[in-house]
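Welcome! Open your viewer, get ready to select residues by number, and let us take a walk along the chain together.

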Amino acid sequence: DSLKSLSKGTRKSPATKRKKVFQTIPLDITGRPKFPIKLGDLTVHSLGEVVPDRPEYHTDDLIFPVGYCSTRTYGSLKEPEKQCVYTCTVMDGGQRPRFEIVADSDLEVIGNYSLDECHTQLLQKINRCLGVEIVNTKGKGADFFGLSHPTIHHLIQSCPGVRKCHGYVWTKFDLSRANEGLTVPELDASLSYEALLRSISFSKSHIVKQEPDDTVTTFQNLLMN
């Protein structure tokens, strides 16, 4: 009995550690969420459908519903300082979900079977366009797509079929009080357009400030020679 109770306690511990704060959203007369759902730079257009019989379509803390669709404003692939709208979708890729990001500026498709790698590819293209490492290219795909946003995660967890997702650990949610405790990734240049602009601006000003110092150093070296 003691072993059973210990085992039960071990299984419950991950769920007790996970606690997210979500915000209320407008509902229709049937109690379903009204789309699109606007959450800052993120807009969710469809929650999609949960696929409980394929293990790769969920992890212990995330669910990847087929047909999930969101858009996010971020820097353009061709001109990162200009705003662009990216459409993020979860596709049926067979045994594994396929994640796609499409820019409205040139309709270039960035796709991968890894959610984080899909986001990484986007960030790498942004850096290459700028010619300097402005953003950290470590992928945060769930955040960029909005799948990990507490409000969206709460809605997905409420969808039919989630309880049949083997290995998924139920997440506990608390209703936000005056939006207190909500996660706002405005400081992350890999997720926020405004943060990206600040990083680009800082990089430019830093380079400008360094040039006079380099010139002075070179001039001093010439004098010494």
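## Stop one: an unusual peptide bond

Select P36, which lies in the loop between β1 and β2. Helices (H or I, at least four residues) and strands (E, at least two) are DSSP runs, numbered from the N terminus. This is a predicted model, in which local features need pLDDT of at least 70, side-chain atom pairs count only at pLDDT 80 or more, and totals for chains, interfaces and linings use all residues. Residues are numbered from 1 along each chain as its sequence is written, and side-chain values use heavy atoms, with hydrogens and water left out.

Now add F35 to your selection. What kind of peptide bond joins F35 and P36? The bond is cis, with omega at about 0 degrees. Most residues other than glycine have a negative phi, and most peptide bonds are trans.

## Stop two: the whole chain

Zoom out and colour by secondary structure. You should find five helices and eight strands. Read from the N terminus, the order of elements is α-β-β-β-β-β-β-β-α-α-α-β-α. Of the 225 residues in the chain, 40% are buried; buried means under 20% relative accessible area, exposed over 50%, and partly exposed in between (1.4 Å probe, protein chains only). Contact means heavy atoms within 4.5 Å. Among contacts between residues at least 6 apart in sequence, 55% join residues at least 24 apart.

## Stop three: four strands in a row

Select β4 (residues 69-75) and β5 (residues 83-93), which are paired in the antiparallel sense over seven bridges. Two strands pair if DSSP finds at least two bridges between them. For a place to look, show C69: T89 of β5 stands opposite this residue.

Next add β6 (residues 96-103), which is antiparallel to β5 and joined to β5 by eight bridges. Show D92 and find its bridge partner in β6, P97. The hairpin of β5 and β6 has two residues between the strands, and here G94 takes a positive phi near 90 degrees.

Carry on to β7 (109-112). Four bridges join β6 to β7, and these two strands are antiparallel. Across this pair, F99 stands opposite N112 in β7. While you have the strands on screen, turn on the side chains: in a regular strand they alternate between the two faces of the sheet.

## Stop four: the loop between β6 and β7

Five residues lie between the strands in the hairpin of β6 and β7. Select L107 in this loop. L107 has a positive phi of about 60 degrees, although it is not a glycine. Is L107 buried or exposed? L107 counts as exposed, because its relative accessibility is 61%.

Now move to S105, in the same loop between β6 and β7. S105 counts as partly exposed because its relative accessibility is 43%. Which residues does S105 touch, leaving aside neighbours within four places in sequence? The answer is S76 and C84. Try a distance label between the C-alpha atoms of S105 and S76: they are 7.1 Å apart, although 29 residues separate the two along the chain.

## Stop five: a buried asparagine

Select N127, found in helix α2 (residues 115-130). N127 counts as buried because its relative accessible area is 4%. Its side chain reaches the backbone oxygen of V135 at 3.0 Å. Not counting residues up to four places away in sequence, N127 touches V132, E133, I134, V135 and T137.

## Stop six: a covered helix and a pocket

Finish at helix α4 (residues 150-157). Seven of its eight residues are buried: P150, T151, I152, H153, L155, I156 and Q157. Show β1 (19-22), β2 (37-39), β3 (42-46) and β8 (172-175), which are among the parts covering these buried residues.

Where is the second largest pocket? Select L27, G31, R32, P33 and L155, which lie nearest its centre among the 15 lining residues. A pocket is an open set of points on a 1 Å grid over the protein atoms alone, where a 1.4 Å probe fits, with protein on both sides within 12 Å along at least five of seven lines; lining residues have an atom within 4 Å of a point. This pocket holds about 290 Å³ of space, a volume being the space filled by probe spheres set on the points, with grid points joined across faces, edges and corners. Helix α4 gives the most to the lining, with three residues.

Notes
A polar contact is a pair of N or O atoms within 3.5 Å; within protein, one must be able to donate a hydrogen and the other to accept it, and residues adjacent in sequence count only if both atoms are side-chain atoms.
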